[in-house]
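Let's take a walk through this fold, strand by strand and then side chain by side chain. Keep the viewer open as you read.

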Amino acid sequence: MFAFDHVGITTAIKQPDENWVEQSRVRVTNPRNHPEHIEFLRYEPDSQVPEAIKANPHIAFRVASLEEHLRQPGVEIIIPPFEVGGFLRVVFVRKHNTIFEYMHYLKEGWFGQ
């Protein structure tokens, strides 16, 4: 499986229905609730997420295996794989001078929804 999921865009503006990701200290919206599948990310000032992620949009894909995509030539891991909310494993990489998020769903849903 390799399917488009969303585009992530950093914002400083509070968004409706934000979800908290403790590991990244960021509030995120559900891209399935946006007509263009946009996920808005609002980082706390003390977030340790690399500036490359905060300062650039990312393109996210659902994948069957994170590891398969990490072995490809030209992939630079920016944020190693981690679990979000018990339903998702993600990794952030730079490839083709673009930020990608690969997402492996452990179960369907979005933060318990």
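Strand β7, residues 88–95, is a good place to start in this predicted model. It is mostly covered, with six of its eight residues buried. Look to either side of β7 and you find a partner running the other way. On one flank β6 pairs with β7 in the antiparallel sense, over six bridges, and there you can spot Ile-77 standing opposite Val-93 of β7. On the other flank comes β8 (residues 98–105), again antiparallel to β7 and joined to it by eight bridges. Here Val-91 stands opposite Tyr-102 in β8. Keep an eye on that tyrosine, as we'll come back to it.

Both of these pairings are hairpins, and each has a residue with positive phi. Between β6 and β7 there are three residues, and Gly-85 in that turn has a phi of about 60°. The hairpin of β7 and β8 has two residues between its strands, and in this one His-96 takes a positive phi near 55°.

Now zoom out to the whole sheet. How many strands does the open sheet have, and in what order do they come? There are eight, in the order β2-β3-β4-β1-β5-β8-β7-β6, and the pairing is mixed. The edge positions go to β2 (19–21) and β6 (76–84); each of them has a single partner strand, so one side of each is left without a neighbour in the sheet. From one strand to the next, the twist averages 25°.

Further along that order sit β1 and β5. Strand β1 covers residues 2–10 and strand β5 covers residues 58–63, and the two pair in the antiparallel sense over six bridges. If you want a landmark for lining them up, take Val-7, whose bridge partner in β5 is Ile-59. As you trace these strands, recall that in a regular strand the side chains alternate between the two faces of the sheet.

Time for the side chains, aromatics to begin with. A search of the whole structure turns up six aromatic pairs. One of them is formed by Phe-2 and Tyr-102, a tilted pair with 6.5 Å from centre to centre and 50° between the planes. Phe-2 belongs to strand β1 and Tyr-102 to strand β8, 100 residues apart, so the pair links distant parts of the chain. What about their accessibility: buried, partly exposed or exposed? Tyr-102 counts as buried because its relative accessibility is 1%, under the 20% cut-off. Phe-2, at 48%, counts as partly exposed. The two rings also have company: Phe-2, Phe-4, Phe-61, Phe-100 and Tyr-102 form one aromatic cluster.

Another ring worth a look is Tyr-105. Arg-62 lies over its face, at 4.1 Å from the ring centre. That arginine leads us neatly to the charged side chains.

Side chains of opposite charge can pair when their charged atoms come close. The structure holds nine salt bridges. Which partners does Asp-5 have among them? One is Arg-32, with the closest N and O atoms 2.9 Å apart. Arg-32 lies in the loop between β3 (26–28) and β4 (38–43), while Asp-5 is in strand β1, so this pair ties together parts that are 27 residues apart in sequence. The other is Arg-62, whose closest N–O approach to Asp-5 is 2.8 Å. Arg-62 lies in strand β5, so its bridge to Asp-5 in strand β1 ties together parts that are 57 residues apart in sequence.

Check how covered these three are. Asp-5 is buried, with a relative accessible area of 5%, and Arg-62 counts as buried too, at 17%. Arg-32, by contrast, is partly exposed at 34%.

Finally, swing over to helix α1, residues 51–54. Lys-54 and Glu-51 both lie there, three residues apart, which is about one turn of the helix. They form a salt bridge whose closest N and O atoms are 3.7 Å apart. Lys-54 is buried, with a relative accessible area of 16%, whereas Glu-51 is exposed, at 53%. Back in the sheet, the salt bridges that share partners join Asp-5, Arg-32 and Arg-62 into one network.

Key: Residues numbered from 1 in each chain as written. Predicted model: local features only at pLDDT ≥ 70, side-chain atom pairs only at ≥ 80, totals over all residues. Heavy atoms only, no water. Pairing = 2+ DSSP bridges. Helix = DSSP H or I, 4+ residues; strand = E, 2+ residues; numbered from the N terminus. Axes fitted to C-alpha atoms, helices over the stretch in contact; angles between N-to-C directions. Buried < 20%, exposed > 50% of the residue type's maximum accessible area, 1.4 Å probe, protein only. Phe/Tyr/Trp six-rings, centres within 6.5 Å; stacked < 30°, edge-to-face > 60°. Lys NZ or Arg CZ within 6 Å of the ring centre and 35° of its normal. Salt bridge = Lys/Arg side-chain N within 4 Å of Asp/Glu carboxyl O.
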